[in-house]
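Work through the exercises below with the model at hand, and try each task before reading its solution.

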Protein chains: 2
Amino acid sequence: MMELIQANRCFDGEQRIYTFNSKSLKGQAKFGIFLPHQALMGQPCPALFYLAGLTCTEETFAIKAHAQRLAAQLGLILISPDTSPRGEQVAAGDSWDIGQGAGFYINATQAPWAEHYQMESFIADELYAVVTQSFPLQADAIGIFGHSMGGHGALTLAFKYPEKFKSVSAFAPICAPSQCPWGEKAFSNYLGVDQAEWKKHDATALVQSKGALFQEILIDQGAKDQFYSQLNPALFKQACAAAGQSLTLREHAGYDHGYYFIQTFMDDHLQFHSVQLDA
Amino acid sequence: MMELIQANRCFDGEQRIYTFNSKSLKGQAKFGIFLPHQALMGQPCPALFYLAGLTCTEETFAIKAHAQRLAAQLGLILISPDTSPRGEQVAAGDSWDIGQGAGFYINATQAPWAEHYQMESFIADELYAVVTQSFPLQADAIGIFGHSMGGHGALTLAFKYPEKFKSVSAFAPICAPSQCPWGEKAFSNYLGVDQAEWKKHDATALVQSKGALFQEILIDQGAKDQFYSQLNPALFKQACAAAGQSLTLREHAGYDHGYYFIQTFMDDHLQFHSVQLDA
(Lines give C-alpha, C1' and ligand atoms only; values in the text may rest on other atoms or scores of the structure.)
Protein backbone atom coordinates (compact mmCIF):
# COMPACT_ATOMS: atom_id res chain seq x y z
CA MET A 1 0.00 0.00 0.00
CA MET A 2 1.33 3.37 -1.03
CA GLU A 3 1.07 6.19 1.49
CA LEU A 4 0.94 9.83 0.41
CA ILE A 5 3.25 11.78 2.70
CA GLN A 6 3.36 15.17 0.96
CA ALA A 7 1.32 16.94 -1.71
CA ASN A 8 1.79 20.49 -2.96
CA ARG A 9 -0.15 22.25 -5.69
CA CYS A 10 2.31 23.35 -8.35
CA PHE A 11 1.64 24.80 -11.82
CA ASP A 12 -1.97 23.63 -11.71
CA GLY A 13 -0.74 20.07 -11.07
CA GLU A 14 0.61 18.41 -7.92
CA GLN A 15 4.08 17.61 -6.64
CA ARG A 16 3.75 14.60 -4.32
CA ILE A 17 5.90 12.28 -2.24
CA TYR A 18 4.83 8.70 -1.57
CA THR A 19 6.27 5.90 0.50
CA PHE A 20 5.62 2.17 0.20
CA ASN A 21 7.03 -1.07 1.51
CA SER A 22 9.40 -2.24 -1.20
CA LYS A 23 9.96 -5.96 -1.72
CA SER A 24 13.16 -5.42 -3.68
CA LEU A 25 14.69 -3.07 -1.12
CA LYS A 26 13.17 -4.88 1.88
CA GLY A 27 12.02 -1.68 3.53
CA GLN A 28 10.18 1.59 3.08
CA ALA A 29 10.98 3.39 -0.18
CA LYS A 30 10.09 6.97 -1.08
CA PHE A 31 9.57 8.55 -4.45
CA GLY A 32 8.49 11.95 -5.72
CA ILE A 33 6.01 12.39 -8.54
CA PHE A 34 4.84 15.46 -10.40
CA LEU A 35 1.37 15.01 -11.83
CA PRO A 36 0.41 17.67 -14.35
CA HIS A 37 -3.19 18.86 -14.46
CA GLN A 38 -3.93 16.45 -17.31
CA ALA A 39 -2.90 13.48 -15.13
CA LEU A 40 -4.98 14.73 -12.19
CA MET A 41 -7.93 14.68 -14.61
CA GLY A 42 -7.16 11.04 -15.41
CA GLN A 43 -5.83 11.65 -18.90
CA PRO A 44 -2.99 9.27 -19.94
CA CYS A 45 0.30 11.20 -19.99
CA PRO A 46 3.84 10.46 -21.13
CA ALA A 47 6.21 10.07 -18.17
CA LEU A 48 9.88 10.42 -17.28
CA PHE A 49 11.86 8.70 -14.55
CA TYR A 50 14.58 11.01 -13.20
CA LEU A 51 17.45 9.32 -11.35
CA ALA A 52 19.39 11.61 -9.04
CA GLY A 53 23.08 11.60 -8.14
CA LEU A 54 25.18 10.76 -5.10
CA THR A 55 23.82 12.05 -1.73
CA CYS A 56 20.47 13.05 -3.26
CA THR A 57 16.96 11.96 -2.23
CA GLU A 58 13.48 11.79 -3.78
CA GLU A 59 13.11 15.52 -3.03
CA THR A 60 16.20 16.84 -4.79
CA PHE A 61 14.75 16.85 -8.28
CA ALA A 62 11.45 18.43 -7.23
CA ILE A 63 13.17 21.30 -5.41
CA LYS A 64 16.27 21.97 -7.49
CA ALA A 65 15.78 20.88 -11.10
CA HIS A 66 13.08 23.42 -12.06
CA ALA A 67 11.22 20.99 -14.31
CA GLN A 68 7.60 21.43 -13.25
CA ARG A 69 6.77 24.55 -15.26
CA LEU A 70 7.49 23.01 -18.65
CA ALA A 71 6.31 19.54 -17.60
CA ALA A 72 2.95 21.15 -16.80
CA GLN A 73 2.83 22.71 -20.25
CA LEU A 74 3.86 19.49 -21.99
CA GLY A 75 1.64 17.28 -19.83
CA LEU A 76 4.56 15.15 -18.61
CA ILE A 77 4.52 13.04 -15.44
CA LEU A 78 7.88 13.16 -13.60
CA ILE A 79 8.92 10.35 -11.24
CA SER A 80 11.91 10.86 -8.94
CA PRO A 81 12.90 7.90 -6.73
CA ASP A 82 15.30 8.02 -3.82
CA THR A 83 18.90 7.02 -4.63
CA SER A 84 19.26 3.94 -2.40
CA PRO A 85 17.57 1.86 0.28
CA ARG A 86 17.41 3.70 3.60
CA GLY A 87 17.08 2.99 7.29
CA GLU A 88 18.91 1.70 10.33
CA GLN A 89 18.72 -1.90 9.12
CA VAL A 90 20.41 -0.97 5.82
CA ALA A 91 24.21 -1.16 5.50
CA ALA A 92 25.80 2.29 5.48
CA GLY A 93 29.03 3.21 3.74
CA ASP A 94 32.23 4.75 5.04
CA SER A 95 31.65 7.92 3.01
CA TRP A 96 29.11 9.73 0.81
CA ASP A 97 30.03 7.84 -2.37
CA ILE A 98 29.07 4.35 -1.13
CA GLY A 99 26.07 2.93 0.73
CA GLN A 100 22.99 5.00 1.56
CA GLY A 101 22.50 7.78 -0.99
CA ALA A 102 24.76 5.91 -3.42
CA GLY A 103 22.89 2.87 -4.69
CA PHE A 104 24.24 3.18 -8.25
CA TYR A 105 21.01 1.69 -9.69
CA ILE A 106 22.35 -1.87 -9.75
CA ASN A 107 21.53 -5.09 -7.88
CA ALA A 108 24.31 -5.81 -5.39
CA THR A 109 25.52 -9.40 -5.19
CA GLN A 110 28.02 -9.00 -2.33
CA ALA A 111 27.63 -8.83 1.45
CA PRO A 112 26.68 -6.69 3.26
CA TRP A 113 25.05 -4.86 0.35
CA ALA A 114 23.06 -7.58 -1.41
CA GLU A 115 20.39 -7.74 1.31
CA HIS A 116 18.88 -4.31 0.49
CA TYR A 117 20.79 -2.74 -2.41
CA GLN A 118 18.62 -3.93 -5.31
CA MET A 119 18.07 -0.60 -7.00
CA GLU A 120 17.93 -1.96 -10.56
CA SER A 121 15.01 -4.25 -9.73
CA PHE A 122 13.46 -1.53 -7.62
CA ILE A 123 13.40 1.06 -10.44
CA ALA A 124 12.90 -1.06 -13.55
CA ASP A 125 10.46 -3.60 -12.12
CA GLU A 126 8.86 -2.69 -8.81
CA LEU A 127 8.52 1.10 -8.95
CA TYR A 128 7.81 0.93 -12.69
CA ALA A 129 4.88 -1.38 -11.93
CA VAL A 130 3.69 0.69 -8.97
CA VAL A 131 3.51 3.94 -10.91
CA THR A 132 2.02 2.48 -14.08
CA GLN A 133 -0.70 0.83 -11.97
CA SER A 134 -1.39 3.84 -9.75
CA PHE A 135 -1.23 6.79 -12.14
CA PRO A 136 -2.40 7.44 -15.72
CA LEU A 137 0.96 6.81 -17.41
CA GLN A 138 0.84 6.30 -21.15
CA ALA A 139 2.44 2.83 -21.23
CA ASP A 140 4.29 3.25 -24.54
CA ALA A 141 5.60 6.73 -23.72
CA ILE A 142 7.93 6.36 -20.75
CA GLY A 143 11.45 7.78 -20.81
CA ILE A 144 14.33 8.04 -18.35
CA PHE A 145 16.97 10.61 -17.51
CA GLY A 146 19.27 11.45 -14.67
CA HIS A 147 22.29 13.26 -13.30
CA SER A 148 25.81 12.02 -12.53
CA MET A 149 25.35 8.61 -10.79
CA GLY A 150 21.73 8.94 -11.96
CA GLY A 151 22.90 9.66 -15.51
CA HIS A 152 24.77 6.34 -15.33
CA GLY A 153 21.55 4.81 -14.00
CA ALA A 154 19.43 6.28 -16.81
CA LEU A 155 21.80 5.22 -19.60
CA THR A 156 22.33 1.69 -18.28
CA LEU A 157 18.66 1.01 -17.43
CA ALA A 158 17.65 2.30 -20.86
CA PHE A 159 20.07 -0.10 -22.58
CA LYS A 160 19.05 -2.99 -20.31
CA TYR A 161 15.29 -2.37 -20.67
CA PRO A 162 14.70 -0.68 -24.05
CA GLU A 163 11.19 -2.17 -24.09
CA LYS A 164 10.40 -0.15 -20.96
CA PHE A 165 12.17 3.12 -21.73
CA LYS A 166 11.58 4.71 -25.10
CA SER A 167 13.84 7.74 -24.65
CA VAL A 168 16.97 8.52 -22.63
CA SER A 169 19.07 11.55 -21.77
CA ALA A 170 21.50 12.60 -19.05
CA PHE A 171 23.21 15.51 -17.32
CA ALA A 172 26.91 14.92 -16.65
CA PRO A 173 26.52 11.13 -16.41
CA ILE A 174 29.17 8.72 -15.14
CA CYS A 175 29.64 7.26 -18.61
CA ALA A 176 32.15 4.51 -17.87
CA PRO A 177 31.96 3.55 -14.18
CA SER A 178 34.34 0.61 -14.69
CA GLN A 179 37.02 3.16 -15.45
CA CYS A 180 36.66 5.84 -12.75
CA PRO A 181 37.20 5.94 -8.96
CA TRP A 182 33.49 6.36 -8.02
CA GLY A 183 32.49 3.43 -10.21
CA GLU A 184 35.39 1.21 -9.23
CA LYS A 185 34.58 1.70 -5.55
CA ALA A 186 30.85 1.07 -6.01
CA PHE A 187 31.22 -1.90 -8.37
CA SER A 188 33.89 -3.67 -6.34
CA ASN A 189 31.75 -3.27 -3.22
CA TYR A 190 28.39 -4.12 -4.76
CA LEU A 191 29.43 -6.59 -7.49
CA GLY A 192 32.80 -7.98 -6.36
CA VAL A 193 36.12 -8.14 -8.16
CA ASP A 194 35.07 -9.81 -11.44
CA GLN A 195 35.30 -6.99 -13.95
CA ALA A 196 33.38 -8.98 -16.58
CA GLU A 197 30.38 -8.49 -14.29
CA TRP A 198 31.03 -4.73 -14.14
CA LYS A 199 30.64 -4.39 -17.92
CA LYS A 200 26.97 -5.38 -17.69
CA HIS A 201 26.38 -2.17 -15.73
CA ASP A 202 28.61 0.28 -17.60
CA ALA A 203 26.96 2.54 -20.20
CA THR A 204 29.99 2.60 -22.48
CA ALA A 205 30.35 -1.20 -22.40
CA LEU A 206 26.59 -1.64 -22.89
CA VAL A 207 26.54 0.44 -26.08
CA GLN A 208 29.44 -1.68 -27.32
CA SER A 209 27.66 -4.94 -26.55
CA LYS A 210 24.06 -4.01 -27.40
CA GLY A 211 24.56 -1.62 -30.30
CA ALA A 212 22.29 1.26 -31.28
CA LEU A 213 18.92 1.00 -29.50
CA PHE A 214 17.63 4.58 -29.44
CA GLN A 215 16.77 7.07 -32.13
CA GLU A 216 18.92 9.62 -30.34
CA ILE A 217 20.55 10.19 -26.94
CA LEU A 218 21.03 13.66 -25.44
CA ILE A 219 23.83 14.39 -22.96
CA ASP A 220 24.71 17.78 -21.52
CA GLN A 221 28.05 18.26 -19.80
CA GLY A 222 29.55 21.28 -18.07
CA ALA A 223 33.10 22.08 -19.17
CA LYS A 224 33.97 23.32 -15.65
CA ASP A 225 32.51 20.22 -13.99
CA GLN A 226 34.54 19.63 -10.81
CA PHE A 227 34.07 15.85 -11.25
CA TYR A 228 34.91 15.77 -14.96
CA SER A 229 37.57 13.08 -14.47
CA GLN A 230 34.91 10.70 -13.07
CA LEU A 231 32.57 11.09 -16.04
CA ASN A 232 34.38 10.13 -19.28
CA PRO A 233 31.91 11.47 -21.84
CA ALA A 234 34.54 10.99 -24.58
CA LEU A 235 34.57 7.21 -24.02
CA PHE A 236 30.79 7.03 -24.35
CA LYS A 237 30.88 9.22 -27.46
CA GLN A 238 33.48 6.93 -29.03
CA ALA A 239 31.40 3.84 -28.21
CA CYS A 240 28.24 5.42 -29.65
CA ALA A 241 30.07 6.36 -32.84
CA ALA A 242 31.44 2.81 -33.22
CA ALA A 243 27.97 1.33 -32.63
CA GLY A 244 26.13 3.75 -34.88
CA GLN A 245 24.16 5.08 -31.89
CA SER A 246 23.13 8.68 -32.59
CA LEU A 247 24.27 10.93 -29.71
CA THR A 248 24.04 14.65 -29.11
CA LEU A 249 26.77 15.45 -26.58
CA ARG A 250 26.95 19.13 -25.74
CA GLU A 251 29.74 20.63 -23.66
CA HIS A 252 28.90 23.96 -22.06
CA ALA A 253 31.66 26.44 -21.23
CA GLY A 254 31.67 27.67 -17.64
CA TYR A 255 29.07 25.26 -16.22
CA ASP A 256 29.85 22.96 -13.27
CA HIS A 257 28.31 19.73 -11.91
CA GLY A 258 25.44 21.14 -9.85
CA TYR A 259 21.76 21.94 -10.17
CA TYR A 260 22.35 25.49 -11.46
CA PHE A 261 23.77 23.71 -14.53
CA ILE A 262 20.89 21.23 -14.61
CA GLN A 263 18.13 23.84 -14.33
CA THR A 264 19.71 25.74 -17.23
CA PHE A 265 19.30 22.83 -19.64
CA MET A 266 16.25 21.14 -18.09
CA ASP A 267 13.82 22.57 -20.65
CA ASP A 268 15.90 21.15 -23.51
CA HIS A 269 15.72 17.66 -21.98
CA LEU A 270 11.97 17.81 -21.40
CA GLN A 271 11.43 18.98 -24.99
CA PHE A 272 13.75 16.22 -26.24
CA HIS A 273 11.84 13.50 -24.40
CA SER A 274 8.46 14.95 -25.30
CA VAL A 275 9.32 14.70 -29.01
CA GLN A 276 10.84 11.21 -28.70
CA LEU A 277 7.93 9.87 -26.65
CA ASP A 278 5.38 11.34 -29.04
CA ALA A 279 7.06 9.74 -32.07
CA MET B 1 35.57 43.94 1.58
CA MET B 2 33.15 41.53 -0.04
CA GLU B 3 34.31 37.96 -0.40
CA LEU B 4 32.90 35.69 -3.12
CA ILE B 5 32.16 32.32 -1.52
CA GLN B 6 30.22 30.58 -4.29
CA ALA B 7 29.69 31.13 -8.01
CA ASN B 8 27.73 28.89 -10.39
CA ARG B 9 27.10 29.45 -14.07
CA CYS B 10 23.34 29.53 -14.61
CA PHE B 11 21.34 30.47 -17.73
CA ASP B 12 24.39 32.14 -19.27
CA GLY B 13 24.67 34.35 -16.15
CA GLU B 14 26.01 33.59 -12.66
CA GLN B 15 24.39 32.73 -9.36
CA ARG B 16 26.77 33.90 -6.63
CA ILE B 17 26.99 34.10 -2.84
CA TYR B 18 29.02 36.82 -1.15
CA THR B 19 29.86 37.57 2.45
CA PHE B 20 31.01 40.86 3.98
CA ASN B 21 31.49 42.39 7.38
CA SER B 22 28.28 44.31 8.04
CA LYS B 23 28.40 47.45 10.19
CA SER B 24 24.64 47.39 10.81
CA LEU B 25 24.57 43.73 11.84
CA LYS B 26 27.99 43.84 13.56
CA GLY B 27 29.15 40.62 11.94
CA GLN B 28 29.51 38.68 8.71
CA ALA B 29 26.47 38.90 6.44
CA LYS B 30 25.77 36.75 3.39
CA PHE B 31 23.71 37.49 0.33
CA GLY B 32 22.96 35.73 -2.93
CA ILE B 33 22.96 37.51 -6.26
CA PHE B 34 21.97 36.37 -9.74
CA LEU B 35 23.77 38.32 -12.42
CA PRO B 36 22.31 37.83 -15.89
CA HIS B 37 24.68 37.76 -18.86
CA GLN B 38 23.99 41.43 -19.53
CA ALA B 39 25.25 42.36 -16.04
CA LEU B 40 28.36 40.18 -16.44
CA MET B 41 29.08 42.23 -19.57
CA GLY B 42 28.83 45.42 -17.49
CA GLN B 43 25.51 46.57 -18.89
CA PRO B 44 23.27 48.42 -16.37
CA CYS B 45 20.34 46.18 -15.42
CA PRO B 46 17.15 46.60 -13.41
CA ALA B 47 17.31 44.73 -10.11
CA LEU B 48 15.06 43.11 -7.52
CA PHE B 49 15.65 42.51 -3.84
CA TYR B 50 13.94 39.30 -2.68
CA LEU B 51 13.31 38.97 1.06
CA ALA B 52 12.79 35.40 2.25
CA GLY B 53 10.60 34.08 5.03
CA LEU B 54 11.10 32.57 8.49
CA THR B 55 13.94 29.98 8.75
CA CYS B 56 15.28 30.78 5.27
CA THR B 57 18.78 31.86 4.25
CA GLU B 58 20.47 33.64 1.34
CA GLU B 59 20.36 30.34 -0.58
CA THR B 60 16.64 29.56 -0.35
CA PHE B 61 15.55 31.84 -3.17
CA ALA B 62 18.32 30.74 -5.54
CA ILE B 63 17.52 27.05 -5.08
CA LYS B 64 13.75 26.98 -4.66
CA ALA B 65 12.11 29.99 -6.32
CA HIS B 66 12.95 29.10 -9.95
CA ALA B 67 13.50 32.72 -10.97
CA GLN B 68 16.78 32.59 -12.90
CA ARG B 69 15.42 31.42 -16.27
CA LEU B 70 13.13 34.39 -16.82
CA ALA B 71 15.46 36.84 -15.03
CA ALA B 72 18.12 35.85 -17.58
CA GLN B 73 15.68 36.57 -20.42
CA LEU B 74 14.55 39.89 -18.94
CA GLY B 75 18.07 40.93 -17.89
CA LEU B 76 17.13 41.29 -14.22
CA ILE B 77 19.61 41.20 -11.33
CA LEU B 78 18.22 39.31 -8.29
CA ILE B 79 19.54 40.00 -4.78
CA SER B 80 18.63 37.63 -1.95
CA PRO B 81 19.93 38.53 1.53
CA ASP B 82 19.93 36.27 4.56
CA THR B 83 16.95 36.70 6.90
CA SER B 84 18.76 37.81 10.07
CA PRO B 85 22.16 38.37 11.65
CA ARG B 86 23.95 35.07 12.34
CA GLY B 87 26.65 33.65 14.55
CA GLU B 88 27.48 32.58 18.08
CA GLN B 89 27.68 36.16 19.31
CA VAL B 90 24.15 36.89 18.03
CA ALA B 91 21.14 36.37 20.33
CA ALA B 92 19.14 33.27 19.40
CA GLY B 93 15.43 32.78 19.95
CA ASP B 94 13.50 30.10 21.81
CA SER B 95 11.95 28.85 18.55
CA TRP B 96 12.06 29.21 14.77
CA ASP B 97 9.83 32.29 14.65
CA ILE B 98 12.11 34.58 16.66
CA GLY B 99 15.83 35.36 16.61
CA GLN B 100 18.19 33.90 13.99
CA GLY B 101 16.35 33.26 10.73
CA ALA B 102 13.57 35.60 11.87
CA GLY B 103 14.88 39.16 11.71
CA PHE B 104 11.57 40.60 10.42
CA TYR B 105 13.42 43.31 8.44
CA ILE B 106 13.18 45.89 11.24
CA ASN B 107 15.70 47.59 13.56
CA ALA B 108 15.33 46.15 17.05
CA THR B 109 15.35 48.63 19.93
CA GLN B 110 15.16 46.16 22.82
CA ALA B 111 17.79 44.01 24.57
CA PRO B 112 19.15 41.48 23.76
CA TRP B 113 18.14 42.01 20.12
CA ALA B 114 19.15 45.62 19.44
CA GLU B 115 22.88 44.82 19.36
CA HIS B 116 22.72 42.88 16.04
CA TYR B 117 19.12 42.81 14.76
CA GLN B 118 19.21 45.87 12.49
CA MET B 119 17.82 44.29 9.35
CA GLU B 120 16.02 47.40 8.08
CA SER B 121 19.23 49.42 8.01
CA PHE B 122 21.09 46.41 6.66
CA ILE B 123 18.81 45.95 3.64
CA ALA B 124 17.71 49.50 2.82
CA ASP B 125 21.01 51.28 3.50
CA GLU B 126 24.05 49.04 3.81
CA LEU B 127 23.35 46.18 1.39
CA TYR B 128 21.60 48.57 -1.00
CA ALA B 129 24.80 50.66 -1.12
CA VAL B 130 27.07 47.61 -1.41
CA VAL B 131 25.26 46.13 -4.40
CA THR B 132 24.72 49.43 -6.24
CA GLN B 133 28.44 50.18 -5.86
CA SER B 134 29.68 46.68 -6.76
CA PHE B 135 27.38 45.64 -9.62
CA PRO B 136 25.89 47.38 -12.67
CA LEU B 137 22.47 48.07 -11.15
CA GLN B 138 20.33 50.61 -12.97
CA ALA B 139 19.89 53.07 -10.09
CA ASP B 140 16.35 54.16 -10.98
CA ALA B 141 15.07 50.64 -11.66
CA ILE B 142 15.26 48.74 -8.36
CA GLY B 143 12.27 46.84 -6.99
CA ILE B 144 11.60 44.63 -4.00
CA PHE B 145 9.55 41.51 -3.34
CA GLY B 146 9.42 38.71 -0.82
CA HIS B 147 7.58 35.83 0.80
CA SER B 148 5.70 35.60 4.12
CA MET B 149 7.93 37.43 6.68
CA GLY B 150 9.82 38.64 3.61
CA GLY B 151 6.59 39.80 2.00
CA HIS B 152 6.04 41.92 5.10
CA GLY B 153 9.63 43.12 4.69
CA ALA B 154 9.13 44.00 1.02
CA LEU B 155 5.85 45.89 1.56
CA THR B 156 7.09 47.82 4.58
CA LEU B 157 10.51 48.72 3.15
CA ALA B 158 8.84 49.84 -0.09
CA PHE B 159 6.49 52.18 1.81
CA LYS B 160 9.34 53.44 4.04
CA TYR B 161 11.77 53.98 1.14
CA PRO B 162 9.74 54.66 -2.00
CA GLU B 163 12.68 56.69 -3.38
CA LYS B 164 14.76 53.49 -3.31
CA PHE B 165 12.22 50.89 -4.45
CA LYS B 166 10.21 51.67 -7.55
CA SER B 167 8.10 48.49 -7.57
CA VAL B 168 6.85 46.04 -4.97
CA SER B 169 5.11 42.66 -4.87
CA ALA B 170 4.76 39.76 -2.46
CA PHE B 171 3.89 36.08 -2.08
CA ALA B 172 1.67 35.33 0.92
CA PRO B 173 2.97 38.32 2.94
CA ILE B 174 2.31 38.95 6.63
CA CYS B 175 0.12 41.94 5.85
CA ALA B 176 -0.67 43.14 9.36
CA PRO B 177 2.00 41.89 11.79
CA SER B 178 0.57 43.98 14.63
CA GLN B 179 -2.52 41.76 14.47
CA CYS B 180 -1.15 38.19 14.22
CA PRO B 181 0.78 35.88 16.57
CA TRP B 182 4.05 35.86 14.53
CA GLY B 183 4.11 39.65 14.35
CA GLU B 184 3.03 40.20 17.94
CA LYS B 185 5.84 37.93 19.17
CA ALA B 186 8.47 39.54 16.94
CA PHE B 187 7.40 43.14 17.54
CA SER B 188 7.06 42.82 21.32
CA ASN B 189 10.53 41.23 21.46
CA TYR B 190 12.29 43.54 19.01
CA LEU B 191 10.35 46.81 19.55
CA GLY B 192 8.84 46.54 23.04
CA VAL B 193 5.27 46.90 24.22
CA ASP B 194 4.39 50.30 22.69
CA GLN B 195 2.02 49.41 19.90
CA ALA B 196 2.26 52.90 18.38
CA GLU B 197 5.83 51.90 17.49
CA TRP B 198 4.60 48.68 15.85
CA LYS B 199 2.45 50.62 13.38
CA LYS B 200 5.57 52.08 11.75
CA HIS B 201 6.49 48.57 10.65
CA ASP B 202 3.11 47.17 9.66
CA ALA B 203 2.22 47.20 5.95
CA THR B 204 -1.49 47.74 6.55
CA ALA B 205 -0.85 50.63 8.96
CA LEU B 206 1.78 52.11 6.58
CA VAL B 207 -0.66 52.26 3.66
CA GLN B 208 -3.11 53.98 5.97
CA SER B 209 -0.56 56.58 7.10
CA LYS B 210 1.39 57.11 3.87
CA GLY B 211 -1.34 56.72 1.26
CA ALA B 212 -0.89 55.48 -2.30
CA LEU B 213 2.79 55.44 -3.28
CA PHE B 214 2.98 52.85 -6.08
CA GLN B 215 1.38 52.57 -9.46
CA GLU B 216 0.32 49.03 -8.57
CA ILE B 217 1.09 46.31 -6.02
CA LEU B 218 0.87 42.60 -6.84
CA ILE B 219 0.16 39.99 -4.13
CA ASP B 220 -0.36 36.28 -4.70
CA GLN B 221 -1.90 34.19 -1.94
CA GLY B 222 -2.65 30.47 -1.75
CA ALA B 223 -6.17 29.64 -0.59
CA LYS B 224 -4.88 26.50 1.19
CA ASP B 225 -2.07 28.37 2.92
CA GLN B 226 -1.46 26.59 6.24
CA PHE B 227 -0.54 29.95 7.82
CA TYR B 228 -3.46 31.92 6.38
CA SER B 229 -4.54 33.18 9.82
CA GLN B 230 -1.14 34.88 10.24
CA LEU B 231 -1.34 36.78 6.95
CA ASN B 232 -4.49 38.95 6.84
CA PRO B 233 -4.54 39.88 3.15
CA ALA B 234 -8.10 41.22 3.56
CA LEU B 235 -6.91 43.92 6.00
CA PHE B 236 -4.25 45.07 3.55
CA LYS B 237 -6.75 45.07 0.70
CA GLN B 238 -9.14 47.19 2.74
CA ALA B 239 -6.39 49.67 3.63
CA CYS B 240 -5.29 49.91 -0.02
CA ALA B 241 -8.85 50.53 -1.15
CA ALA B 242 -9.31 53.28 1.48
CA ALA B 243 -6.00 54.90 0.49
CA GLY B 244 -6.59 54.63 -3.25
CA GLN B 245 -3.54 52.36 -3.61
CA SER B 246 -4.01 50.10 -6.64
CA LEU B 247 -3.59 46.44 -5.62
CA THR B 248 -3.88 43.19 -7.53
CA LEU B 249 -4.54 40.52 -4.88
CA ARG B 250 -4.97 37.07 -6.37
CA GLU B 251 -6.11 34.09 -4.32
CA HIS B 252 -5.24 30.72 -5.85
CA ALA B 253 -7.36 27.66 -5.06
CA GLY B 254 -5.40 24.65 -3.78
CA TYR B 255 -2.03 26.37 -3.27
CA ASP B 256 -0.25 26.37 0.09
CA HIS B 257 2.49 28.52 1.69
CA GLY B 258 5.61 26.90 0.24
CA TYR B 259 7.98 27.27 -2.67
CA TYR B 260 5.92 25.04 -5.01
CA PHE B 261 3.35 27.85 -4.80
CA ILE B 262 6.03 30.53 -5.25
CA GLN B 263 7.67 28.90 -8.28
CA THR B 264 4.24 28.65 -9.94
CA PHE B 265 3.71 32.41 -9.88
CA MET B 266 7.34 33.58 -9.99
CA ASP B 267 7.24 34.44 -13.70
CA ASP B 268 4.22 36.70 -13.18
CA HIS B 269 6.10 38.65 -10.50
CA LEU B 270 9.23 39.05 -12.61
CA GLN B 271 7.13 40.26 -15.55
CA PHE B 272 5.23 42.63 -13.26
CA HIS B 273 8.45 44.21 -11.92
CA SER B 274 10.07 44.31 -15.33
CA VAL B 275 7.19 46.39 -16.67
CA GLN B 276 7.02 48.67 -13.60
CA LEU B 277 10.79 49.24 -13.56
CA ASP B 278 10.88 49.99 -17.26
CA ALA B 279 8.09 52.59 -16.98
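The exercises that follow concern an annotated site and a nonpolar core.

This is a predicted model, in which local features need pLDDT of at least 70, side-chain atom pairs count only at pLDDT 80 or more, and totals for chains, interfaces and linings use all residues. Residues are numbered from 1 along each chain as its sequence is written, chains are lettered from A and ligands numbered from 1 in the order in which they are written, and side-chain values use heavy atoms, with hydrogens and water left out.

**Exercise 1.** Locate the residues that UniProt lists under "active site" and describe their spread.

*Solution.* Begin with the unreviewed UniProt entry, which lists A:Ser148, A:Asp225 and A:His257; such annotations may be inferred rather than shown by experiment. Next, compare sequence with space: they span 110 residues of sequence, yet they cluster, with a largest C-alpha distance of 10.7 Å.

**Exercise 2.** Place A:Ser148 and A:His257, and decide whether each is buried or exposed.

*Solution.* First, A:Ser148 lies in the loop between β6 (137-147) and α5 (149-160) of chain A, while A:His257 lies in the loop between β9 (247-252) and α11 (259-278) of that chain. Helices (H or I, at least four residues) and strands (E, at least two) are DSSP runs, numbered from the N terminus. Then apply the cut-offs: buried means under 20% relative accessible area, exposed over 50%, partly exposed in between (1.4 Å probe, protein chains only). A:Ser148, at 3%, is therefore buried, and A:His257, at 6%, is buried as well.

**Exercise 3.** Which listed residues does A:His257 contact?

*Solution.* Using contact as heavy atoms within 4.5 Å, and leaving aside neighbours within four places in sequence, the partners of A:His257 include A:Ser148 and A:Asp225.
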